[in-house]
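Me: I have a model open at the bench and would like to understand the labels attached to it. Could you take me through the reasoning behind them?

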Amino acid sequence: MESPPSDITKRKTRAPAKAAAAKPYAGKPYERPRGGEARQIADLMPAIGRTAFRRFGFVQSSVVTRWPEIVGERHARHCMPESIRFPPGEKADGILQLVVTPAHATIIQHVVPEIMDRVNRFFGYRAVARVKIRQGVVQAPKAKEAPRTAPPSLKPIPFELGDSLRDIGDPELRTVLESLARSLDEVSKGRN
């Protein structure tokens, strides 16, 4: 059989409750907001790929990402940088390893001095002293997107011209002719 709790145990259990009630509520600790602003993946890629690029000898990942700008679109279709190896402890007089399509290897050999000059100009100092060529498969850089054109106007085509334009099979030609018909219709309405 249990005895009723004594007054001493009652006081001990109530005391911490009173002490907790006397303390002001501190609230949740500050947490840094998650995510922040939305950013484009292209802005994040240099930071993500930096360690992988350094492992393969690229101090700057922009050499790979901006290769068509450095050597030109024509050469970028047939050669791609594979690595830059520097002497131990230095960041100058390195060896640039290029992967070149087999059919264009001799052509690229003839323009190696020009490629070295352009890469060094990109770095701003003599980063590359030699170029080694390895034949292999090169993925051509992606073509730049064509400038966006305005969508075709949603204004109705003059009724007289609408039937004759439906027979045109080429959608681009039809769109151009519809635009011409609209502009002619606006000019004729402006004169009346």
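Reply: Gladly. Keep in mind that this is a predicted model. Let's begin with the sheet: strand β2, residues 94-100, pairs with β3 in the parallel sense over 7 bridges.

Me: What makes β2 and β3 count as a pair?

Reply: Pairing asks for at least two bridges between two strands, and β2 and β3 have 7 bridges. One example puts Leu 96 opposite Val 131 in β3. Another is Gln 97, whose bridge partner in β3 is Lys 132.

Me: And how do you know that β1 pairs with β2?

Reply: The same kind of test applies. At least two bridges are needed, and 6 bridges join β1 to β2, so the two strands pair; they run antiparallel. Here Ile 84 stands opposite Leu 96 in β2.

Me: Why is the pairing in this sheet called mixed?

Reply: In general, strands of a sheet pair through backbone hydrogen bonds, either parallel or antiparallel. In this model β1 and β2 run antiparallel, while β2 and β3 pair in the parallel sense. The open sheet of 3 strands, in the order β1-β2-β3, is thus described as having mixed pairing.

Me: What makes β1 and β3 edge strands?

Reply: β1 (79-85) and β3 (128-135) each have a single partner strand, so one side of each is left without a neighbour in the sheet. Neighbouring strands of this sheet are turned by 25° against each other on average, direction ignored.

Me: Why is β2 described as largely enclosed?

Reply: Because 6 of the 7 residues of β2 are buried, the strand is largely enclosed by the rest of the structure. Gln 97, which lies in β2, shows how the label works. Its relative accessibility is 19%, and buried means under 20%, so Gln 97 counts as buried. Setting aside residues up to four places away in sequence, Gln 97 touches Met 80, Pro 81, Glu 82, Ser 83, Lys 132, Ile 133 and Arg 134.

Me: How do you know that Val 131 is buried?

Reply: Val 131 lies in strand β3. With a relative accessible area of 17%, Val 131 falls under the 20% cut-off and is therefore buried. Its contacts, leaving aside neighbours within four places in sequence, are Leu 96, Leu 98, Val 112 and Met 116. Val 131 and Leu 96 are 35 residues apart along the chain, yet their C-alpha atoms are separated by 4.7 Å.

Me: What makes His 75 a buried residue?

Reply: His 75 belongs to helix α5, residues 73-76. The cut-off for buried is under 20%, and His 75 has a relative accessibility of 13%, so His 75 counts as buried. Beyond its neighbours within four places in sequence, His 75 is in contact with Ile 108, Val 111 and Glu 114.

Me: Then why is Asp 93 called partly exposed?

Reply: Asp 93 sits in the loop between β1 and β2. Partly exposed covers values between the 20% and 50% limits; at 37% relative accessibility, Asp 93 therefore gets that label.

Me: What makes the phi of Asp 93 worth a remark?

Reply: Most residues other than glycine have a negative phi. Phi of Asp 93 is near 55°, a positive value in a residue other than glycine.

Me: How do you know that α7 packs on the sheet?

Reply: Helix α7 (residues 112-123) touches β1, β2 and β3, and its direction makes about 125° with that of β3. Contact here means heavy atoms within 4.5 Å.

Me: Which element gives the most to the largest nonpolar core?

Reply: That is α7, with 5 residues. The core has 22 residues, and Trp 67, Leu 96, Leu 98, Ile 115 and Val 119 touch the most other members. Two or more residues come from each of α4 (67-71), β1, β2, α6 (105-110), α7 and β3. Contacts of Trp 67 include Leu 96, Leu 98, Ile 115 and Val 119.

Me: How many helices and strands does the chain have?

Reply: The chain has 9 helices and 3 strands. Of its 192 residues, 23% count as buried.

How values were computed
Residues are numbered from 1 along each chain as its sequence is written. This is a predicted model: local features need pLDDT of at least 70, side-chain atom pairs count only at pLDDT 80 or more; totals for chains, interfaces and linings use all residues. Side-chain values use heavy atoms; hydrogens and water are left out. Helices (H or I, at least four residues) and strands (E, at least two) are DSSP runs, numbered from the N terminus. Axes are lines fitted to C-alpha atoms, for helices over the stretch in contact, and angles run from 0 to 180 degrees between N-to-C directions. Buried means under 20% relative accessible area, exposed over 50%, partly exposed in between (1.4 Å probe, protein chains only). A nonpolar core is a set of buried Ala, Val, Leu, Ile, Met, Phe, Trp, Tyr and Cys residues joined through side-chain atoms within 4.5 Å.
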